[in-house]
Amino acid sequence: MTYTLVLLRHGESEWNAKNLFTGWVDVPLSEKGIGEAKRGGDLLREAGVAPDVLHTSLLRRAIMTANLALDTADLHWIPVKRSWRLNERHYGDLQGKDKKQVRDQYGEEQFMLWRRSYDVPPPEIELGSEFSQDADVRYAGEPIPRSEALKQVLDRALPYWEGEIVPDLKAGKTVLVAAHGNSLRAIIKHLDGVDDETIAGLNVPTGIPLVYELDEETLQPTNPGGTYLDPEAAKDAIAAVANQGK
Ligand SMILES: O=C(O)[C@@H](CO)OP(=O)(O)O
């Protein structure tokens, strides 16, 4: 027997469309992103994949994507749990900055180290600055970061994976995780055992459900890498994410 896990990156956000580093800044979906989220719901329904429970970050682009997708699939009523541990990677002082400008200013190598390396975090954000979340009540009492590399994202996502998501899977529930490019990369790294170098080249497209079947004993994927419900669209969208900032 296998357990079914669906990973869904939010639809395009207004800042994705503007090519800005976003991280924990709580921006809305763009019109295109709203369409992608609904299409994600169509794909779930057409594939006969019906989540029993939803896990999201605390950011509206993931929350709205899940709501729109589940509404489209007539599953708007399923229970939901949310956690900052599924938030996008905190992009530190890069939050709010234009990706192309950062690339032009610091060069391709530094840009890619900050953007995709496993363990080089961007410079820390100044507390109290425009795009800092230090005064945001939703994170009160939590050990919130001032910048994160993927490694720190994995470190804070894993306790949530083990403590909240795995128990739902082991109860036989089909689990939908609606989250972000980098928090999903962290989960994928863990699931597929991707090494620290290879993960740099892995990108997650917006709004296309990625379905994993996990062995009930080991929780290892029986379909390594998962299965995108629209593989053709995923291929193009992955290339678009990889090319951001160029
Ligand atoms: O800006 C961000 O928060 C992320 C995801 O949109 O961007 P990137 O793909 O560059 O990690």
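## Sheet, active-site entries and ligand shell

Valine 6 stands opposite valine 211 in β5. Six bridges hold β5 to strand β1 (residues 2-9), and the two run antiparallel. This is a predicted model: local features need pLDDT of at least 70, side-chain atom pairs count only at pLDDT 80 or more, and totals for chains, interfaces and linings use all residues. Residues are numbered from 1 along each chain as its sequence is written.

Helices (H or I, at least four residues) and strands (E, at least two) are DSSP runs, numbered from the N terminus. Two strands pair if DSSP finds at least two bridges between them.

**The sheet.** Six strands make an open, mixed sheet, ordered β3-β2-β4-β1-β5-β6. The edges belong to β3 and β6 (227-228); each has a single partner strand, so one side of each lacks a neighbour in the sheet. Strand β2 (residues 53-56) runs parallel to strand β4 (residues 175-179), joined by four bridges. There, valine 53 faces valine 175. Three bridges pair β2 with strand β3 (residues 80-82), also parallel. Leucine 54 has valine 80 of β3 as its bridge partner. From β2 the chain passes through helix α3 (residues 60-72) to β3, a right-handed β-α-β crossover. Right-handed means that, with the strands pointing away from the viewer, the path from the first strand over the helix to the second runs clockwise.

**Active-site entries.** An unreviewed UniProt entry lists His10 and Glu88 under "active site". They span 79 residues in sequence, yet no two of their C-alpha atoms are more than 10.4 Å apart, so they gather at one spot. UniProt positions follow the numbering used here, feature names are shortened, and annotations may be inferred rather than shown by experiment.

The table uses C-beta atoms placed from the backbone: buried means 20 or more others within 10 Å, exposed 12 or fewer, partly exposed in between.

| Residue | Loop | C-beta neighbours within 10 Å |
|---|---|---|
| Histidine 10 | β1 to α1 (14-18) | 31, buried |
| Glutamate 88 | β3 to α4 (99-106) | 27, buried |
| Threonine 206 | α7 (181-192) to β5 (210-215) | 25, buried |

Contact means C-beta atoms, placed from the backbone, within 7 Å. Leaving aside neighbours within four places in sequence, histidine 10 contacts residues including Arg61, His180 and Thr206. On the same basis, glutamate 88 contacts His180, Gly181 and Asn182, among others.

**The ligand shell.** Among the residues around the ligand are Asn16, Glu88, Arg115, Gly181 and Asn182. Near means a C-beta atom, placed from the backbone, within 6 Å. The shell divides into three nonpolar, six polar and two charged residues.

Terms used. Ala, Val, Leu, Ile, Met, Phe, Trp, Tyr, Cys and Pro count as nonpolar, Asp, Glu, Lys and Arg as charged, and the others, Gly among them, as polar. Two residues are in contact if their C-beta atoms, placed from the backbone, lie within 7 Å.
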